[in-house]
Structures are given as structure tokens and as C-alpha cells.
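Please open the model in your viewer and keep the selection panel at hand. The stops below go from one selection to the next.

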Amino acid sequence: MPEPTTPTPPRRAAGGVGTHPAAPAGPRPHAAGVGTSPARPEAEAKVNGAFDYASDLHFDGMLWGHTLRSPHPSAGIRAVDTAPALALPGVHAVLTAADVPGKLHYGLIDADQPVLAAGEVRYQGEPVAIIAADTLDTARLAAEAIRVDYEVREPQCDPQAAVDAGNHFRYQPVRLGEPVTAEAAVIIAREYTVGMQDQAPLGPESGAAVPTGDGGVRLHVATQWLHSDLEQLAPCLDLEPDRIHMVMAGIGGAFGAREDLSVQAHMAMLALATGRPVKMMYDRAESFLGHVHRHPARMRYEHGADEHGRLVYVKAHIVLDGGAYASTTDAVVGNAASLAVGPYEVEHVAIDAWGARTNNPPCGAMRGFGGVQTCFAYESQMDALAEALGLDPLEIRRRNAVAQGSRLINGQIIDAPSPAAPAVVGSDAVPQAGTAPSPAPPGAAGADARPFSPLADMIDRIREIPVPAIPAARDILDLPGGTGNTTHGEGVRRGVGYGVGLKNVCYSEGFDDYSTARIRLELEDGEPVATIHTAAAEVGQGHWNLQTQIVRTELGVDRVRLAPNDTKVGSAGSSSASRQSYMTGGAVKAAAEAARALWTDRDLADGPIEATRVFRHRATKPMDAITGQGDSHVQLALCVHRATVDVDVELGLVKVVDLTCVQDVGKAMNPNALEGQIHGGTAQGLGLAVMEELVTVRGEVKNASFTDYLIPTILDMPPMRLHIVENADPEAPYGLRGAGEPPTLSSTPAIVAAIRDATGLALTRVPVRPEHLTTGRPS
Amino acid sequence: MTTPALTAPAFHRPADLADALAHLAEHPGAVPIAGGTDLMVAVNYRRARPEAMLDLTGLAELRAWSDEGDAIRIGSGVPYARIVAELATVLPGLAAASRTVGSPQIRNRGTLGGNLATASPAGDGHPPLLACGARITIASTAGTRTVAADAFFTGPKRSVLEPGELITAVTVPKAAGPQQFLKVGTRNAMVIAVCSFALSLDLDARRLGTGIGSAGPVPLRAREAERIDLPWADPRRFDDALAAEFGRRVAAAASPMDDVRGTADYRRHALAVCAARALRRVWAAAHTEGSGR
Ligand SMILES: Cc1cc2nc3c(=O)[nH]c(=O)nc-3n(C[C@H](O)[C@H](O)[C@H](O)COP(=O)(O)OP(=O)(O)OC[C@H]3O[C@@H](n4cnc5c(N)ncnc54)[C@H](O)[C@@H]3O)c2cc1C
């Protein structure tokens with residue numbers, strides 16, 4: 001834990017408590033408080049290799065668990081013979097669906113996913129049996145020894161055909177105005193495809209289950225949401241929730257992949273069956289099959305605009321492939337539908353969005369959550385409109401930009417931020433704490449008669465940042481193809497493109513979204529020490545650090561500790577939807593304020609103070625089933641990207657040479673961590689633009705490895721120029737705006753637009769592959 | 001695989017080649033390990049469960065290279081990082097290929113011997129060996145034999161290597177002119193080749209050498225392309241049409257397939273582009289001032 005030196009807190013002047021530290025009057029700047037970038041508490045351990053990830057878990061006498069998975073995307077199971085596996089020395093348990101103690105299914109929204117397949121399998125990789133053995137290798141051999149009699153079926157892999165046959169998890173239309181009769185001067189109709197992206201967290205799914213001796217079980221697991229896991233697990237294990245203690249294990253990345261259960265139920269069953277601690281850890285190939293992915297999408301869009309480029313109508317037919325089980329498809333479809341047009345004003349709208357049920361791998365949460373797919377489509381459409389009208393791509397976006405008081409297509413009125421005081425820090429870099437706000441930006445007031453449009457403002461800002469000059473003689477490492485030495489400049493053309501993304505922050509559509517924090521204050525060696533207890537997952541975003549910053553700011557204490565995240569405190573909700581700074585940040589702030597109030601009337605020498613608070617954001621409404629109308633979102637976040645790419649047009653190889661980003665974050669809580677989030681989100685969007693795709697053929701995954709599922713390396717990701725805007729949201733703690741997801745939306749269309757600019761090709765599919773730019777151009 | 005090993009494999013780390021070969025003869029189940037960058041991946045995924053391992057990293061003679069006059073004899077256990085650092089001037093093609101292998105960590109451990117023995121069609125060490133006319137030295141207790149690089153591979157992940165044999169060295173003729181290696185991948189670094197092409201121009205023999213990677217079951221030579229007429233008498237007569245014809249011949253020599261890394265069409269196209277670029281580059285390098293020999 002870093003313990004930066006700060007001025008000694010003021011002593012209470014009167015009251016007869018001598019020199020004991022007293023409560024501060026209110027929040028105040030702290031050297032390691034909100035708005036600063038102290039080193040993360042876990043940074044040193046992560047850098048020097050000492051940090052315990054879930055895969056490092058070890059318990060004396062523990063067994064290894066392993067999962068037998070279906071090789072078939074669709075098959076009946078006639079029989080499972082576990083005897084040959086049980087006969088192997090070192091094997092302690094082999095369990096199947098028949099051994100599930102309680103409810104047979106679980107799920108985040110709908111409990112439709114079997115703990116273990118019973119009677120049939122619906123996707124390749126579906127768990128069929130689980131084994132506990134002395135070693136992982138023995139467990140794997142035992143899995144190979146299990147005989148499963150499959151009746152292989154023809155898998156349903158075409159999402160549109162599935163929708164046509166009525167196999168969908170959700171259909172959500174949005175209707176506004178008179179889309180059927182609306183007429184436009186320019187019409188652009190195109191079909192877009194988004195491949196299946198994977199979160200590819202470096203830490204594989206891992207955890208350990210330890211029987212507690214009283215029939216209960218303790219689970220150490222790397223997850224995004226401990227309490228949701230618990231809620232899903234308890235009925236399956238047929239245990240009262242209080243018999244299950246969930247403890248967070250070190251998380252090696254998440255991005256949505258840890259929102260659904262993976263090892264949890266299986267290792268708990270094995271631990272309860274054997275009475276021994278059981279550890280499970282997927283290898284890379286199994287990890288690719290053992291978690292949900294980003295929904296692949298096919299989207300037919302039609303945009304109509306007037307001769308000035310103002311949108312008249314948007315029609316879209318969006319099919320997301322949910323795969324075999326529901327996971328979070330329901331909510332993903334809601335986002336895809338409500339964000340289908342992006343941050344633009346339009347009067348007439350007809351959106352139809354489906355989440356198809358197929359025999360493809362299940363899809364669920366991934367950074368951007370339904371906002372990514374449609375963003376690629378609507379931004380491509382905006383570019384196509386601009387081209388048809390001879391307009392600058394930024395200009396067309398500016399003309400249509402939502403403003404204060406604009407109505408989104410779900411009918412929601414944009415009510416934040418306040419146009420009065422757009423505070424801005426930083427110029428070409430992430431802001432330093434204490435940077436003075438710049439004067440009101442153009443478009444804030446005055447010249448435009450329109451209300452303040454944060455988006456128009458951001459567009460103006462990115463226009464001001466010059467496109468980088470091309471360095472003349474360059475190393476091959478700076479050219480497309482990189483180390484491959486494929487070009488020394490031959491065939492290289494440059495292109496520039498823009499992308500804008502709109503993402504909802506926190507849970508939408510009426511979900512009761514809350515977080516809980518407990519703060520304990522006590523004296524140690526005469527100094528106040530605060531301990532924060534939440535269940536919030538530190539997935540690498542810097543949330544632990546943020547909690548300590550908030551407590552230092554609110555309580556003025558230097559020494560802050562983090563209690564292990566577990567289920568002995570209330571739910572924090574998931575580390576997803578860009579919500580943890582807002583929600584658990586809000587809960588920690590509220591608990592700290594409560595502790596401060598208690599402290600004001602007490603002397604810590606008389607004993608510790610403890611305060612627990614639950615924080616909720618404002619209520620949202622469900623989307624109407626027929627019109628999609630309803631104030632379904634809490635907070636909306638914007639990001640604008642400009643990509644500059646060099647394309648070897650003969651080989652179809654791409655090098656992104658610059659990414660410039662303007663993002664509105666409300667408040668830069670921790671500039672360093674914020675920068676990391678924008679870099680990371682942008683890189684993930686870059687991955688989707690040019691390389692990341694989990695390829696399936698007839699339901700079978702063809703590249704479940706880092707050899708063939710490529711994620712960007714440091715050579716693929718250019719240095720970024722960030723321009724952070726802080727338009728405070730009066731409803732949010734410290735005015736902050738969730739920041740982790742928006743860059744993932746806008747970087748993909750920006751990069752593809754830049755590739756279009758370099759090649760002149762239409763490019764309606766991501767990832768763009770080398771053959772799409774050369775031999776296999778879609779006609 | 002034979003009987004699965006459930007205990008840690010027996011490990012032997014001999015200090016000289018004779019010991020290594022004798023051990024291998026006595027323990028046919030022992031799997032040689034050099035850098036481990038192929039083998040340990042297989043072990044990790046349990047695609048291989050070796051009952052015994054023969055660690056080659058203690059064999060000094062495998063970890064050294066020597067100047068044999070007109071060729072360099074590279075011990076099979078010399079890692080890529082050293083080929084790049086120490087042999088880039090004499091063997092520019094092989095060094096360029098070595099530079100594209102994996103990441104710095106992989107180049108510090110991975111060896112040519114391991115690359116050859118694995119015999120992956122995508123092995124980046126192979127095309128330059130074909131283009132340069134390298135010879136591979138193979139030893140067993142029965143003796144030593146050498147095999148030309150283009151006769152070493154018999155199929156995907158298959159080679160002439162017999163049980164009990166070790167690759168001891170690869171002998172590569174010193175460059176007699178400019179050489180090029182181009183590797184196409186969907187990522188700018190650390191990527192398995194979608195296809196690759198190696199070219200060597202021998203200014204003394206006025207001969208071209210070629211090697212195609214990742215576009216057939218084994219690395220291939222483009223013999224028709226090697227026979228193309230080059231304007232030696234008047235180098236300025238070299239033009240884009242000639243380069244393009246060379247590219248076509250190289251593409252024709254490949255027998256690629258569609259897979260998750262790329263389509264056969266794309267591989268042929270990319271090979272034609274790479275080959276034309278490679279030829280232009282070596283020709284320009286040979287005939288502009290201060291380069292060539
Ligand atoms: C992350 C990563 C990236 C990679 N990138 C590339 C790449 O870009 N290009 C590429 O070509 N390869 C790549 N590889 C594969 C691998 O690094 C190379 O093939 C390397 O040359 C293998 O050499 P090694 O010494 O590590 O072999 P090992 O793993 O030690 O051995 C491989 C095989 O060869 C046998 N063997 C080793 N030495 C001998 C010998 N002297 N005689 C007989 N048999 C022997 C072993 O028994 C084993 O079967 C990559 C691997 C990884 C893990």
C-alpha cells in the first residue's frame with residue numbers, strides 16, 4: 001500500500017481529546033486523492049511477479065479439477081460412461097449432470113445454461129463431465145477416458161435463419177416518427193458484418209473451492225461480480241447462500257469474459273463431492289471455449305439525409321448472434337437497439353434488433369456491450385453520407401450532433417452535462433492534476449444558437465489537433481508488415497478517418513443497480529487508518545486505487561487499507577458497463593461521508609468507527625416492447641477518434657500510425673489510470689478493426705489459441721494523443737463519467753474509415769483482413 | 001504417444017554429443033529439447049507427454065558457429081538472437097528471417113535445430129535455408145549424414161530425421177550477393193507466417209535461390225522462377241515487367257490452401273507481390289553504388 005507523505009492532519013482544537021486526530025470538515029485535496037495519480041497499491045507486486053493471480057492459488061491437499069467438453073456444436077447424448085475415468089489411479093471424482101446437487105441451470109439473466117449437459121449439447125465446448133484428480137494431467141487423461149455416446153446433429157449456425165425460425169433471445173424494435181413515409185435527398189443503404197471478438201484476458205479462468213467442513217464451501221475465484229456468482233451458484237449447489245463464501249482471487253483481465261460462471265459451479269461440486277480443496281485452471285484453448293464472446297453481427301442499415309447532410313431517417317435490421325445460451329444477450333440487444341443511431345439527432349427511426357439463438361459459441365458481455373457493433377455500422381453510414389454529399393466527415397457529424405435537450409431514439413432527453421461550465425484540462429496529453437480549466441470552448445455558447453453540444457465541442461477540438469506529419473525515411477518497424485520486411489515503402493498509401501461512439505454507463509432498462517461499501521476508521525499508533533471493504537472486482541482498471549483516493553479525499557487520512565473483496569459485504573455489482581467508478585466510487589464516497597459525520601462527534605481513541613452505505617444511481621425505465629421508448633439509460637459517454645493509417649495496398653497490410661482521441665470523462669479521477677483505460681479500449685477497438693476474430697466454421701472454433709487469435713502487439717498500437725474533456729455530470733460522484741468502454745466503440749470505425757480513405761474500398765466488414773484489401777474484395 | 005507419463009519426465013543433460021547420441025540410442029523414448037519453444041507448448045497442451053527428455057543445451061558444439069571459408073557452420077542449438085547479432089553480414093537472408101521469429105524471448109531460446117525438427121510448413125528458418133542451398137548435418141550412433149535443405153522435409157511436420165538422430169549443424173554458404181526475406185502476417189510482429197519468401201542473388205554464379213514458406217505442405221523452391229533470365233549484361237534493363245513475371249512464377253510454384261490464417265488465393269497473390277519486391281530489392285542492391293559485393 002503506498003503511503004504518500006502529506007501534511008499532518010489538523011488537530012482538533014478543543015473538546016479535551018488532546019492530540020488525537022480529528023475529522024476534517026469536508027472533502028479536500030489530498031496528495032494521493034481524487035484527481036491525482038498515485039501508484040496503485042498492487043502495482044509493485046504485479047510488476048515484480050509477486051501478485052497472486054487466481055492461477056497461482058494453492059491449498060494443501062488440493063485436487064485438480066478438469067472439464068470434459070463437447071467436441072460437437074450440436075448433439076444428443078445417449079450415454080456417458082465415466083467408469084474408465086474413475087478406474088484411473090489418482091482420480092477422486094467424475095461428475096455428470098446427474099450429480100448436480102440442486103438446480104440444473106444457471107444464467108446471468110435467464111437461467112438456461114446447464115451446469116453440465118444433460119441429454120444434449122448445444123455448442124462446441126459445452127461442459128459434459130467434470131473430474132477431480134491428484135494432478136491436472138491425471139484429470140485430463142481421465143477426461144479422455146470418459147466415453148460419451150453422442151448422436152451428432154446438424155448445427156444451426158446461421159443467425160438470420162435462426163431468427164426466421166423464431167429462435168431468438170430477444171427482439172427489440174425502436175420506432176420514432178414516420179419512418180415508412182419519410183423522404184430523403186440522399187439515401188445510403190449498406191449491410192455490415194462484425195466478426196466474433198474475444199476478450200482474450202491473459203489470465204485464464206481459474207479458482208479454487210475449499211470445503212468449509214460444515215457442508216458449506218469457500219470459493220476463491222477471479223470474477224467480475226462475486227454476488228451474482230453466489231446467487232447463481234447457491235440453487236445449483238442446493239446450499240443456502242450463507243453457506244457459500246466467495247472471495248476474490250487475483251484477476252488477470254476480464255473485459256466481460258468473467259461475467260458468466262466458468263469454473264465456479266464445477267469446482268464447488270468437486271470440492272463438496274471429495275471433501276478436498278479443488279483447483280481449476282483452464283489452458284488457453286479451453287479459455288477460448290470456456291467463456292462468452294462479443295456477439296458477431298449482421299446489420300442492414302439505411303440512412304436518409306437532406307441535401308445539407310441532416311439525417312431524416314434511419315432504418316436498421318440488426319441481428320446479433322447470441323449463440324447457444326442466453327447469457328447477457330437480452331441486455332446487449334437492448335443496447336444495440338437504443339444506441340443504433342449513435343449520438344445523432346434523427347426524427348424518423350425504425351430499428352429492429354434481434355439476439356439469435358444458434359449452435360455457435362455463446363456470446364455475452366464484452367467491453368462496449370452491444371454498442372460496438374452498431375457503432376461500426378452507423379459511423380460507416382455517416383462517412384458514406386458525407387462522401388455522397390461531398391461533405392467533410394467531421395462536418396456531417398457536427399451537423400447531426402446531439403446537444404443539450406436532444407432526444408435519443410429511445411425518447412430519452414440528454415440532460416447532462418451542464419453547458420454552463422465545461423471544464424477542460426489537458427491539451428495533447430492526459431491532464432496533470434491541478435491544470436487550470438481552459439476558457440469556454442467554441443460552441444459552448446454564443447456563436448451557435450443551438451444549446452451546448454458536448455459532441456460538437458469535441459469534434460471542434462479534434463479538428464484543432466493536427467494530423468501527424470509523415471516521417472520521411474523510416475524503419476520497417478514503422479511500416480505496414482512491420483518485422484516481416486514486406487515493404488520498404490512499396491505500395492504504401494496513407495489514410496485518415498474518424499469515428500464517434502456513444503455508450504451508456506451503468507446498467508440500463510430499469511435494472512436495480514447498486515453498490516455497497518463499508519469503511520472502518522480506527523487509530524493505529526495514534527494515526528487514523530481507514531479500511532475499505534467492498535466486493536468490487538479490480539480487473540486491472542485501477543479500481544482499488546480509486547477507492548483509496550476517494551477515502552483520502554473525503555477523510556483526509558493518509559493510511560488507507562483495502563480489505564479482501566468478498567461476499568461478507570454487500571454486492572458491488574459487476575466491474576462492467578464502465579460503472580465501477582460511478583457506482584462503487586459512489587458507495588465509497590457515501591460511506592466515507594458517513595464515517596466523517598460519525599467521526600465529527602467522536603474521538604477515535606474511544607474505538608473504531610464503521611459506516612456501510614449502499615449507493616444507487618437514478619432509476620431507469622424499461623424499453624417499450626413495441627416502440628423501444630423509455631428513459632432506459634443512466635449516463636451517456638462520448639468518445640471521438642481520429643485514426644491515421646498506412647496501408648500496403650498490394651499486400652493488404654495495415655499499420656495504424658496514429659490514434660488521436662477526445663473523450664469526455666466528466667472528471668479525471670486518476671489521470672494515469674484514465675489514460676490506461678483509453679489506450680486499452682482503443683487497442684481493443686483496433687484489434688476488432690484489423691485482426692481479432694474467433695473464426696467458427698459450422699459452429700466449430702478454428703483458432704482457439706494465441707497463435708491464430710491475434711491481438712495487437714506494441715508494434716500494432718501507435719502512441720496515442722489524448723485530449724480529455726471534463727464536462728461534469730451533476731448527478732454522478734465528483735461529476736465523473738464512465739470511461740472504460742467508449743474508446744472501444746469509436747476506434748474501430750475510425751481505423752476502418754482511414755483504411756477506406758487509403759484504399760478507396762467500401763469495407764463493410766470487420767475485422768478487415770489482408771485479402772479483403774486485395775484478392776478477396778467483397779463485391 | 002506411447003504410455004502417458006504421469007510423473008515428471010526423466011531428464012538427462014549430457015555434456016558432449018557422443019553421450020547425447022548414446023543416450024538417445026539407449027532411450028528411444030527420450031525427446032530432445034533445445035529451446036523448448038515448440039516442445040513445451042505441446043507439453044503444456046498435453047499434445048506431447050514425453051516420458052524422458054534429453055536436454056541439448058549443455059552441448060557446447062551445438063551452441064557454436066564456425067567459419068568454414070565459403071560457408072558458415074551453425075550449431076543446431078544456436079538461438080536466433082545470436083544469428084541476428086553475429087551472422088547478419090555473412091548470412092543476411094537467414095538473419096532477416098531470424099529477426100521475424102516470435103518475440104525477443106522466443107529468439108533468445110528458439111533454435112534452427114528445433115525449427116527444422118518440428119518441420120512446420122510455417123517455420124521461418126526454412127525458406128532462407130532453401131534459397132541459400134544450406135545442408136543439414138544429422139548424427140546418430142551409426143554415424144553422420146548431411147541432407148540438402150530442400151530434401152529435408154517430407155511433409156507437414158515430417159522430415160527425414162529418424163529416431164535416434166540429432167541435427168547437429170546447418171551449413172549455409174556465405175552470401176555471394178544481396179538476400180531478402182519477406183514474411184506476410186496479419187500482425188506487425190510476433191505472427192505466424194501467412195506466407196513468406198526468401199531470395200538470394202549469387203553474383204558470382206549469376207544465380208537466384210528461392211524459398212517459399214507457409215504455402216505448401218513443405219517449404220518449396222520456385223525452380224522456374226530461379227531460371228528467369230536476368231539482364232546481367234545491362235542491369236538497367238531490369239524492369240517491373242520482369243519482376244512481375246518472377247512473382248508469377250514464384251506464385252505458380254506454391255501449393256497453398258485456405259485456412260484460418262488466409263486464403264490460398266491471397267497467399268499466391270502475396271507471394272507474387274513479395275517475390276517481385278524481393279527481386280527488385282536485390283537487383284537494386286547489387287547494382288547501385290556501394291552495395292552488392
Ligand atoms: C510465442 C511463440 C512464437 C513463435 N514464433 C515463431 C515464428 O515467428 N516463426 C517460427 O518459425 N517459429 C516460431 N515459433 C516456434 C518455435 O519458436 C521455433 O520453431 C523454434 O525454432 C523451435 O526451436 P527450439 O529450440 O525452441 O525447439 P524445441 O522446442 O526445443 O524442439 C522442437 C522439436 O525439435 C526437436 N529438436 C530440437 N532440437 C533438435 C535437434 N538438434 N535434433 C533433433 N531434434 C531436435 C525436439 O525434440 C522437438 O520435437 C514460436 C513459438 C512460440 C512459443
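**Starting at a cis peptide bond**

Begin by selecting P767(A), which sits in the segment that follows β29 of chain A. In this predicted model, the peptide bond leading from V766(A) into P767(A) is cis, and its omega is near -5 degrees.

Step back next to the sheet that includes β29. Select the six strands in the order β9-β17-β16-β15-β10-β29 of chain A, and you will have an open sheet of 6 strands whose pairing is mixed. Its edges are β9 (168-176) and β29 (765-766) of chain A, each of which pairs on one side only. Within the sheet, display strand β10 (residues 186-194) of chain A together with strand β15 (residues 297-305) of chain A, an antiparallel pair held over 9 bridges. A convenient place to check the register is E191(A), whose bridge partner in β15(A) is R300(A).

**Chain A as a whole**

Now widen the selection to the entire chain, for which 15 helices and 29 strands are assigned. The C-alpha trace of chain A spans about 80 × 75 × 55 Å along its principal axes. Its radius of gyration is 27 Å, in agreement with the value near 28 Å that a compact globule of 779 residues would have. Of these 779 residues, 65% count as buried, and the chain exposes about 26300 Å², with carbon and sulfur atoms supplying 52% of that area. Among contacts in chain A between residues at least 6 apart in sequence, 81% join residues at least 24 apart.

Colouring by domain is a useful next step. The assignment for chain A gives domain 1 (1-52 + 514-616), domain 2 (62-154 + 211-256 + 258-290), domain 3 (159-198 + 293-387) and domain 4 (423-504 + 633-773). Between domain 1 and domain 2 of chain A, the contact takes 18 residues from domain 1 and 16 residues from domain 2, while the centres of these two domains, taken over C-alpha atoms, are separated by 37 Å.

**Strands β20, β21 and β22 of chain A**

Select strand β21 (residues 527-533) of chain A. Is β21(A) largely enclosed or open? With 6 of its 7 residues buried, β21(A) is largely enclosed by the rest of the structure. Add strand β20 (residues 514-524) of chain A, which runs antiparallel to β21(A) and is joined to β21(A) by 7 bridges; at one of the pairings R520(A) has T531(A) as its bridge partner in β21(A). The two strands form a hairpin with 2 residues between them, and D525(A) in the turn has a positive phi of about 55 degrees.

Next, bring in strand β22 (residues 559-562) of chain A, which is parallel to β21(A) and joined to β21(A) by 4 bridges. Here A530(A) stands opposite V560(A) of β22(A). To follow the connection, trace the chain from β21(A) through helix α12 (residues 543-555) of chain A to β22(A), a β-α-β crossover that is right-handed.

Continuing past β22, stop at S578(A), in the loop between β22 and α13 (580-600) of chain A. Phi of S578(A) is near 50 degrees, which is positive in a residue other than glycine. At 13% relative accessibility, S578(A) counts as buried.

**A further strand pair in chain A**

Move to strand β3 (residues 91-95) of chain A, where 4 of the 5 residues are buried. Its antiparallel partner is strand β7 (residues 127-133) of chain A, reached through 4 bridges, and V91(A) has A133(A) as its bridge partner in β7(A).

**Chain B**

Finally, select chain B, which has 11 helices and 13 strands. Its radius of gyration is 20 Å, close to the 19 Å given by the globule rule for 293 residues, so chain B is as compact as a globular protein of that length. The C-alpha atoms of chain B fill a box of roughly 65 × 45 × 30 Å along the principal axes, and 54% of its residues count as buried.

The domain assignment divides chain B into domain 1 (10-54), domain 2 (61-173) and domain 3 (179-287); the centres of domain 1 and domain 3 of chain B, taken over C-alpha atoms, are separated by 36 Å.

End the tour at S214(B), in the loop between β13 (207-213) and α9 (223-226) of chain B. Although S214(B) is not a glycine, its phi is positive, at about 60 degrees, and with a relative accessible area of 11% S214(B) is buried.

Methods. Residues numbered from 1 in each chain as written. Chains lettered and ligands numbered in written order. Predicted model: local features only at pLDDT ≥ 70, side-chain atom pairs only at ≥ 80, totals over all residues. Heavy atoms only, no water. Buried < 20%, exposed > 50% of the residue type's maximum accessible area, 1.4 Å probe, protein only. Pairing = 2+ DSSP bridges. Right-handed = clockwise from strand over helix to strand, strands pointing away. Rg over C-alpha atoms; globule rule 2.2 N^0.38 Å. Domains from an automatic or database assignment. Contact = heavy atoms within 4.5 Å. Areas by Shrake-Rupley, 256 points an atom, 1.4 Å probe, with all protein chains shown as cover.
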